[in-house]
Amino acid sequence: MPATLAIGPFNDAETAALKDTFDPQMLANPAALDGLSAAEREAVTALAYKGHHGLGAAQMDLLPNLGLIANFGVGYDAIDVAAANERGIKVTNTPDVLNDDVADIAVGMLLMQQRQMIQASDWARSGQWKAKGEYPLNRKVSGRTVGILGLGRIGRDIADRLAAFKMDIHYFARSEKDTPGWTYHADPVSLAQASDYLVVALVGGPETENFASAEVIEALGPEGVLVNISRGSTVDEAALLDALENGTLGGAALDVFLNEPNIDPRFYDLPSVVVQPHQGSGTKETRAAMAKLQRDNIAAHHSGEALLTPVN
Ligand code: NAP
């Protein structure tokens, strides 16, 4: 009988669905693997994984019959895929079903930053509207130029939305895409120079670490706004904080950070920054779709069918 193990902070609905389908043992994080007996570990053939704790060779070696790691999320930078390959372990993720939500939050954060919607709400609620009059003018969003750093599945959905805002779309990817009317840049600095807004939608992981470098941030300039919905690792966070503090970058709208949830408190002192708690895909509808895709991959693995969304 194939056994599934689940590791991660699954919510009640996700836990109930996993239990109904596979009746897995549930662990809070990979460190808890040490608490399983050898027989329990040897029985595991599929792992439902959720979270940002690293899952590498050491953990995989504790599960000698593991054939599948089904990740909850499209970003699988927490999983050492090279180590999985060496052990013949397949990895799946949950692409596409979350594109809409992540694109929505990118656009929403940009609007919040430029139209100062949080501060303007406080202005109305605190009585300043009545006492002082109209809120100070802010910045127009429609019709500007946006640079998408990483025109993948999510980046493309962000660009489509911003095209409806009459924006001029520029982008970076490793190769030019078939996107008539949009401008390709092979160099991220050139992209930032051409853009009012830079939206980072790259994959995470070592290959894209600090891809939005100090040079890219400087090229975006004192009126520019950096939006990041990818991973904290893709942006040079120290350079970003310095640029925001000294005014060489106009603002930022961030859903992701280094060291989540212990984000750098310097961000809280910056009124030019919109902060969100990594909730890009955090709707009931999308999380349910992600959970279903994760379970469908596990079911396919157990029955020897083709995986729906393989990574390796
Ligand atoms: P995707 O379709 O794979 O697109 C990723 C983009 O990154 C592509 O443009 C790709 O370039 C680029 N890229 C990949 N490797 C690169 C490298 N070594 N150097 C430079 N560029 C590279 O991924 P997606 O589905 O759009 O997801 C993107 C990321 O969003 C995920 O990996 C995840 O980290 C993040 N995410 C965040 C949230 C949230 O809650 N905030 C939710 C979901 C996902 P090419 O086009 O040249 O391949």
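Me: Accessible areas here come from the Shrake-Rupley method with a 1.4 Å probe. In this predicted model, how much area does the protein chain expose?

Reply: The structure is a predicted model, and the area is computed from its atoms with a 1.4 Å probe. Carbon and sulfur atoms supply 51% of the exposed area of the protein chain. The total that the chain exposes is about 14900 Å².

Me: What radius of gyration does the protein chain have, and why does it agree with a compact globule?

Reply: The C-alpha trace spans about 70 × 45 × 35 Å along its principal axes. For 312 residues, a compact globule would have a radius of gyration near 20 Å, and the value for the protein chain agrees with this: 22 Å.

Me: What percentage of contacts between residues at least 6 apart in sequence join residues at least 24 apart?

Reply: The chain has twelve helices and twelve strands, and buried residues make up 49% of its 312 residues. Among contacts between residues at least 6 apart in sequence, the share that joins residues at least 24 apart is 60%.

Me: Which elements are included in what covers the buried residues of H8?

Reply: Helix H8 comprises residues 153–163, and its buried residues are Ile154, Gly155, Asp157, Ile158, Ala159 and Leu162. The cover over these residues includes one helix and three strands, namely H5, S6 (145–149), S7 (168–172) and S9 (197–200).

Me: Is Val141 buried or exposed?

Reply: Val141 is located in the loop between helix H7 (128–132) and S6. Beyond its neighbours within four places in sequence, Val141 contacts Leu110, Leu111, Gln114, Arg115, Phe165, Met167 and Tyr197. The C-alpha atom of Gln114, 27 residues away along the chain, is separated from that of Val141 by 6.8 Å. The relative accessibility of Val141 is 5%, therefore Val141 counts as buried.

Me: How much space lies in the second largest pocket?

Reply: The second largest pocket holds about 370 Å³ of space. Of the 20 residues lining that pocket, the closest to its centre are Gln113, Gln116, Gln119, Pro271 and Ser272. Helix H5 (99–115), helix H6 (117–125) and strand S12 (273–275) each give two or more residues to the lining. The volume asked for is thus about 370 Å³.

Me: How many residues of the lining of the second largest pocket are polar?

Reply: Gln113, Gln116, Gln119, Pro271 and Ser272 are the lining residues closest to the centre of the pocket. The lining has seven nonpolar and four charged residues, and the number of polar residues is nine.

Me: How much space lies in the largest cavity?

Reply: The count of cavities of 30 Å³ or more comes to one. The largest cavity is lined by Asn228, Gly232, Val235, Glu237, Leu240, Leu254, Val256, Phe257 and Phe267. Its lining divides into six nonpolar, two polar and one charged. The space in the largest cavity is about 40 Å³.

Me: At what relative accessibility does Asn228 count as buried?

Reply: Asn228 belongs to strand S10 (residues 225–228) and is one of the residues lining the largest cavity. Apart from residues up to four places away in sequence, Asn228 touches Met109, Val200, Thr234, Val235, Ala253, Leu254, Asp255 and Val256. Buried means under 20% relative accessible area. Asn228 qualifies because its relative accessibility is 2%.

Me: Which residues does Glu237 touch, not counting residues up to four places away in sequence?

Reply: Glu237 lies in helix H11 (residues 237–246) and counts as buried, with 9% relative accessibility. Its C-alpha atom is separated by 8.9 Å from that of Ala214, 23 residues apart along the chain. With residues up to four places away in sequence set aside, Glu237 touches Phe257, Leu258, Asp264 and Phe267.

Me: Is Lys166 buried or exposed?

Reply: Lys166 sits in the loop between H8 and S7. Its phi is near 60 degrees, a positive value in a residue other than glycine. Exposed means over 50% relative accessible area. With a relative accessible area of 69%, Lys166 is therefore exposed.

Me: What relative accessible area does Asp96 have?

Reply: Asp96 occupies the loop between strand S5 (90–92) and H5. Although not a glycine, Asp96 has a positive phi of about 70 degrees. Asp96 is partly exposed because its relative accessible area is 45%.

Me: Which residues does a cis peptide bond join?

Reply: The loop between strand S11 (251–254) and S12 contains Pro261. The peptide bond in question has an omega of about 0 degrees and joins Glu260 and Pro261.

Notes:
Residues numbered from 1 in each chain as written. Predicted model: local features only at pLDDT ≥ 70, side-chain atom pairs only at ≥ 80, totals over all residues. Heavy atoms only, no water. 1 Å grid on protein atoms, 1.4 Å probe; cavity = no way out; pocket = protein on both sides within 12 Å on 5 of 7 lines; lining within 4 Å. Points joined across faces, edges and corners; volume = space filled by probe spheres on them. Helix = DSSP H or I, 4+ residues; strand = E, 2+ residues; numbered from the N terminus. Nonpolar A, V, L, I, M, F, W, Y, C, P; charged D, E, K, R; others polar. Rg over C-alpha atoms; globule rule 2.2 N^0.38 Å. Buried < 20%, exposed > 50% of the residue type's maximum accessible area, 1.4 Å probe, protein only. Contact = heavy atoms within 4.5 Å.
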